[in-house]
Amino acid sequence: MAIKTQPVTVNLGPQHPSTHGVFRMRVMFDGEEIVDVEPIFGYLHRGSEKLAEERTYTQIVTLTDRMDYVSSMLNNQAYILAVEKLAGIEPSPRGVWLRMIASELQRIASHLVATGFLLQDLGALGTPLIYAMRERENILDLFEMICGARITNSYLRPGGVFMDAPTEFWPALDRGLDDIIRTIDELEAYLSGNEIVFSRTKGTAVLSPELLINASITGPMLRASGVDWDLRHRAPYDYYERVAFERKLHTASDNYARYWVRVQEARESVKIIKQCIEQIEPGPVRPSFDDVPRLIRPPAGDAYAAIEGSKGELGFYLVSDGGISPYRMHVRASSLINLTLLRDMLIGGQFGDLFVTFGSVDLNMGEVDR
Amino acid sequence: MTTAWSGSALAEAIEAFAPGSVESSAGGDVWLKPECISGVCEGLKTRDEFKFDLLSSLTAVDFIDHFEVVYHLTSLPMNASAVVKSRVGLGRTDASIPSVVSVWRGADYQEREVWDLMGIRFEGHPNHKRIMLWEGYPGHPLRKDYVTYDQSIVSAPDDAVTVAIEGDE
């Protein structure tokens, strides 16, 4: 005989250790089953797009750091590409290689954080997260060597980067890449074939590729459904045409596939960095101030530039009226748009899968709310 | 490499299946009449010559005398991109445009964000609510004539508590 239950509405967040920031959900449960979900945003809204209208193009770099604060370098890169497209700036080759190295390191750090917290949400308290964070720490040390900052880097400038890497950076980078591979091997040895991980993540929150594309979802979530769409490959920016890497695809489109794609992409990033180290050549890291002045005044017009961020397509739309600050800046935030299907993923699922599914989306509240 | 549609080619192709919907075109942009937007977008998504199955970005710009809604479209099968724009709220009147959520679900949160911060209504949106700010927040901050809270305190202390709530239910 089935026991009659009554739906209960539960508030989750904004202060909750599993919500990856200040995210809030109003969830209706019927027993253990989720019947309705309403996400509520805005607890970290700082009005970055409005602030950008009052700052010069170089000053805005610091605002982009604070959007997705676990992938600052990638935010810098997307913004700088939009500025270069708008103002017609030709970047310096060494600067481009350096920013590719920096952004691929950042992608590894971001994927490690996503993986670590996903396993934390699965109930693997501590250990995998500490493994992942230890490795991210080494990457942050490398960032400290090249730009003096660890999280809010502001390393990129229109036309390249603001300073060259010191000589001791290169041996440290080589050692760091070996450590990254070792950590990923370690993580995978414990987790990628783990029976508990399988039983908790396989077959949960499955989404069809058509639905993902229709909902504008990009990045590892889309590639976990078997769609070969990576902007580094399909619309190469910077020097991605000159490096070879595999696009790792999984067809299951469940929580495990999303975890697996991120781990494999971190490995591919190591390969990309190694090729960058081989191809980098001496020279200036940014054009001289005669070519690219400190105060840039792009001609009136607009430009949209997108990169393959750690969470998906990260785009910046800039409108210029010929002045020293943009007339309008818009960020195509992949974290926010990837949440479009949150209801579809959660409704009908179990309470225990809620945070696992949420963790597999890999969002960052700094980018959701901006 | 993604190929970008030029404005004139796209305008011609749109006119071929939806006559009278294009306002003008220049560079890489096409301006559509706002009332035609959902029909044209349906065609851009489903017709074989376009196949724009991914809505990359949806945003809006305040040009003082009018607003411009900007759609960045991507076609995964054709590896192509296009920019579609639409002028709404001419003369700074009540701005509204048909929603494209029925075409691309990815427009859901982006349209809510534009409504919240720019104050453009999306007719037919299934959940037309603010997203970043709370219901009852005075005004839409990304508009160029928005007076920030701090300024209202400094310049006119009496007005600080009676800021007009415009456009909110």
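Among contacts in chain B between residues at least 6 apart in sequence, 47% join residues at least 24 apart. This value, like every other in this text, is computed from a predicted model. Chain B has 169 residues, of which 45% count as buried. Its secondary structure comes to four helices and eight strands, and these follow one another along the sequence in the pattern β-α-β-β-α-β-β-β-β-α-β-α.

One helix of chain B shows how burial can be arranged on a helix. In α1(B), which spans residues 7-17, the buried residues are G7(B), L10(B), A11(B) and I14(B). Why do these buried residues line one face of the helix? Seen down the axis of α1(B), they fall within an arc of 100°, so they line one face. A general property of helices helps in reading this pattern. An α-helix has 3.6 residues a turn, so residues three or four places apart point the same way. The cover over the buried residues of α1(B) includes β2 (22-26), β3 (29-32), α2 (37-46) and β6 (80-88) of chain B.

Chain A contains an open sheet of three strands in the order β1-β2-β3, and the pairing is antiparallel. The strands β1 (8-12) and β3 (33-40) of chain A stand at the edges with a single partner strand each, so one side of each is left without a neighbour in the sheet. Neighbouring strands of this sheet are turned by 20° against each other on average, when direction is ignored. Strand β2(A), residues 24-30, is joined to β3(A) by seven bridges, and the two run antiparallel. Within this pair, F29(A) stands opposite I34(A), and V27(A) stands opposite V37(A). The hairpin of β2(A) and β3(A) has two residues between the strands, and in it G31(A) takes a positive phi near 70°.

A second group of strands in chain A is built around β7(A). Eight bridges join β6(A) to β7(A), and these strands run antiparallel. In this pair, I307(A) stands opposite L314(A) of β7(A). Their hairpin has four residues between the strands, and G312(A) takes a positive phi near 145° there. Strand β7(A) is also joined to β8(A), by five bridges and again in antiparallel fashion. Here the bridge partner of L318(A) is M329(A) in β8(A).

Is β7(A) enclosed or open to its surroundings? Eight of its eight residues are buried, so β7(A) is largely enclosed by the rest of the structure. In a regular strand the side chains alternate between the two faces of the sheet. For β7(A), E313(A), G315(A), Y317(A) and V319(A) lie on one side, while L314(A), F316(A), L318(A) and S320(A) lie on the other, and all are buried.

Two residues of β7(A) also stand out in the largest nonpolar core. This core has 148 residues, and those that touch the most other members are A78(A), A82(A), F316(A), L318(A) and I120(B). Its largest share, 16 residues, comes from helix α4(A), residues 93-122. When residues up to four places away in sequence are not counted, L318(A) touches A82(A), V83(A), L86(A), D302(A), A303(A), P326(A) and M329(A).

The strand β7(A) appears once more where the two chains meet. There, 27 residues of chain A are in contact with 24 residues of chain B. The elements that give two or more residues to this side of chain A are α1 (48-52), α8 (209-214), β6 (301-308), β7 (313-320), β8 (328-332) and α12 (334-337). Among these, β7(A) gives the most, with four residues. By class, the side of chain A that touches chain B has twelve nonpolar, eight polar and seven charged residues.

Finally, two serines of chain A deserve attention for their backbone angles. S154(A) lies in the loop between α5 (127-147) and β4 (156-157) of chain A, and its phi is near 50°, a positive value in a residue other than glycine. S154(A) is buried, with 21 other C-beta atoms within 10 Å. S216(A), in the loop between α8 and α9 (220-223) of chain A, likewise has a positive phi, near 65°. With 29 C-beta neighbours inside 10 Å, S216(A) also counts as buried.

Definitions and conventions: Residues numbered from 1 in each chain as written. Chains lettered and ligands numbered in written order. Predicted model: local features only at pLDDT ≥ 70, side-chain atom pairs only at ≥ 80, totals over all residues. Contact = placed C-beta atoms within 7 Å. Nonpolar A, V, L, I, M, F, W, Y, C, P; charged D, E, K, R; others polar. Pairing = 2+ DSSP bridges. Axes fitted to C-alpha atoms, helices over the stretch in contact; angles between N-to-C directions. Buried ≥ 20, exposed ≤ 12 C-beta atoms within 10 Å, placed from the backbone. Arc of directions from axis to C-beta. Core = buried A, V, L, I, M, F, W, Y, C linked by C-beta atoms within 7 Å.
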